[in-house]
Amino acid sequence: MTALTNRYVTLQLESTYGTEPTASEAGQFLGEVDDESFSQNFDLLTRTDISRYGASKSIQGATFSEGDVNLPLQLDDFNAYCLFSAFGIDTFNGAATPKSHIFDEVTNDALLPSFCIRVGREEKEHTYCGMVLNSLTLAANINEYVMMTYSFMGCGESSVSALQTPGGGGTNPPAFSTVDALHFAKAFVRFEGVASSTNFSTMVKSISIEINLNRDQDNAYALGTTTYTVAPPPQQREITGSIEFNRDVAAASDNEPTYDELRGFLLHNGSSAAPAIMIRLEDASTPANYLELKLPKVVYEAPELNVSGRDTSTMSVSFVALFDETDANMSSLKIGMGGINGDAALTA
């Protein structure tokens, strides 16, 4: 019989890249994951020679692991560390209500964490060490939970081991979070200003944002081993996204980009005080726990606006976030939630 209770995904911080910590050590987080796709990959080095009509020898070549996790966005340690992995600096404010963490971008990849990821798959636990975040995607759509996709890459898979029992309240793995996920009804998007539950655009139907670190796999190897010896270094950061409006934006009601503005090329250079695009996600608590993502400088691509029969006409547009000289970043993220990482700043 299939052991459905033994399906789980945990992250555990590594103190040394690629070295598996013991499961009882601190820094392990259990996620309420919808699905995962972790797998090991390797090249085959196959020799051919002039004496045989086919290849006769082969060995295992460069080895690495990669995969995604998809899950609703909860304000818990699992999501917080995944999000932190795209930024690198956390400024904790214990005096705020609720307590808050502000994530800022870094160029020093030594400040970005690496993880040992353990996946329970009914029969055995699969272990992937040296896993680092390569990209993340946030998507908010009508009548859905806010969904996250985190993409990781790292060293080759370790030997499989015995399953653990997830969510039992112990340390191996730890208990599930008790908070529910953020959802569409409290997702607020604003343009050229700070978003809040009272100041937001009523024309946004959906929004998705991707942060890609473009990690360099080729330069994570060295002679003497078949897998990564260092974390694949981040390269050019790219932040892209798309927005669908529920109708043609002919006249903006809250600074939304209009069709005419987009058609003629629109670049908005804002600031953290008035970002080009800001999304705020809240829960039902009082005061509300929240997540805020600000993109101070954005350039839009050409809009899409078509009609079909008597269907409602909607407008879609993609965008690219740019480096803002005033704020010295491309994005910033803030989590307002007590108890994240034991009310301490997140670190690598």
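**Figure 1. Burial and overall dimensions of the protein.** Buried residues, meaning those under 20% relative accessible area (exposed is over 50%, and partly exposed lies in between, with a 1.4 Å probe and protein chains only), make up 45% of the 348 residues in the protein. The structure is a predicted model, in which local features need pLDDT of at least 70 and side-chain atom pairs count only at pLDDT 80 or more, while totals for chains, interfaces and linings use all residues. Residues are numbered from 1 along each chain as its sequence is written, and side-chain values use heavy atoms, with hydrogens and water left out. The protein has two helices and 20 strands, where helices (H or I, at least four residues) and strands (E, at least two) are DSSP runs numbered from the N terminus. Its C-alpha trace spans about 70 × 55 × 45 Å along the principal axes. The radius of gyration, taken over C-alpha atoms, is 22 Å, which agrees with the value near 20 Å for a compact globule of 348 residues; the globule rule is 2.2 Å times the number of residues to the power 0.38.

**Figure 2. Contacts, surface and charge across the whole protein.** Of the contacts (heavy atoms within 4.5 Å) with a separation of 6 or more, 69% are accounted for by residues 24 or more positions apart. The protein exposes about 16400 Å², and carbon and sulfur atoms supply 49% of this area, as given by the Shrake-Rupley method with a 1.4 Å probe. There are 20 positive and 44 negative side chains, and the centres of the two sets lie 2 Å apart. Lys and Arg count as positive and Asp and Glu as negative, whereas His and the chain ends are not counted; each charge is placed at NZ of Lys, CZ of Arg, CG of Asp or CD of Glu.

**Figure 3. Strand S19 and its pairing partners.** In strand S19 (residues 315-321) the side chains alternate, with Met315, Val317, Phe319 and Ala321 pointing to one face and buried, while Ser316, Ser318 and Val320 point to the other face and are not buried. Two strands are said to pair if DSSP finds at least two bridges between them. Strand S13 (residues 238-245) runs antiparallel to S19 and is joined to it by seven bridges, and phenylalanine 245 has methionine 315 as its bridge partner in S19. Strand S17 (residues 297-300) is also antiparallel to S19, with three bridges between them, and here valine 299 stands opposite valine 320. Strand S18 (residues 304-305) pairs with S19 in the antiparallel sense over two bridges, with glutamate 304 opposite serine 316.

**Figure 4. The S6 and S7 hairpin, its loop and strand S20.** Strand S6 (residues 88-93) and strand S7 (residues 100-105) run antiparallel and are joined by six bridges, and the two form a hairpin with six residues between them. Threonine 91 stands opposite isoleucine 102 in S7. S7 also pairs with strand S20 (residues 332-336) in the antiparallel sense over five bridges, and the bridge partner of histidine 101 in S20 is isoleucine 335. Proline 98 is found in the loop between S6 and S7, and a cis peptide bond, with omega about -5 degrees, joins threonine 97 to proline 98. Lysine 99 lies in the loop between S6 and S7 and is partly exposed, with a relative accessible area of 31%. Leaving aside neighbours within four places in sequence, the residues in contact with lysine 99 include Phe92, Asn93, Ile335, Met337 and Asp343.

**Figure 5. Helix H1 and the loop holding alanine 23.** Helix H1 (residues 77-84) has seven of its eight residues buried, so it is largely enclosed by the rest of the structure; among the buried residues are Phe78, Tyr81, Cys82 and Phe84. Alanine 23 has its place in the loop between strand S1 (7-13) and strand S2 (28-31), and at 18% relative accessibility it counts as buried. Although alanine 23 and proline 174 are 151 residues apart in sequence, they are 10 Å apart in space, C-alpha to C-alpha.

**Figure 6. Backbone geometry in three further loops.** Proline 287 lies in the loop between strand S15 (277-282) and strand S16 (290-295), and the peptide bond from threonine 286 to proline 287 is cis, with omega near -5 degrees. Asparagine 214, in the loop between strand S12 (204-212) and S13, has a positive phi near 50 degrees and counts as partly exposed at 24% relative accessibility. Alanine 328, in the loop between S19 and S20, has a positive phi of about 55 degrees although it is not a glycine.
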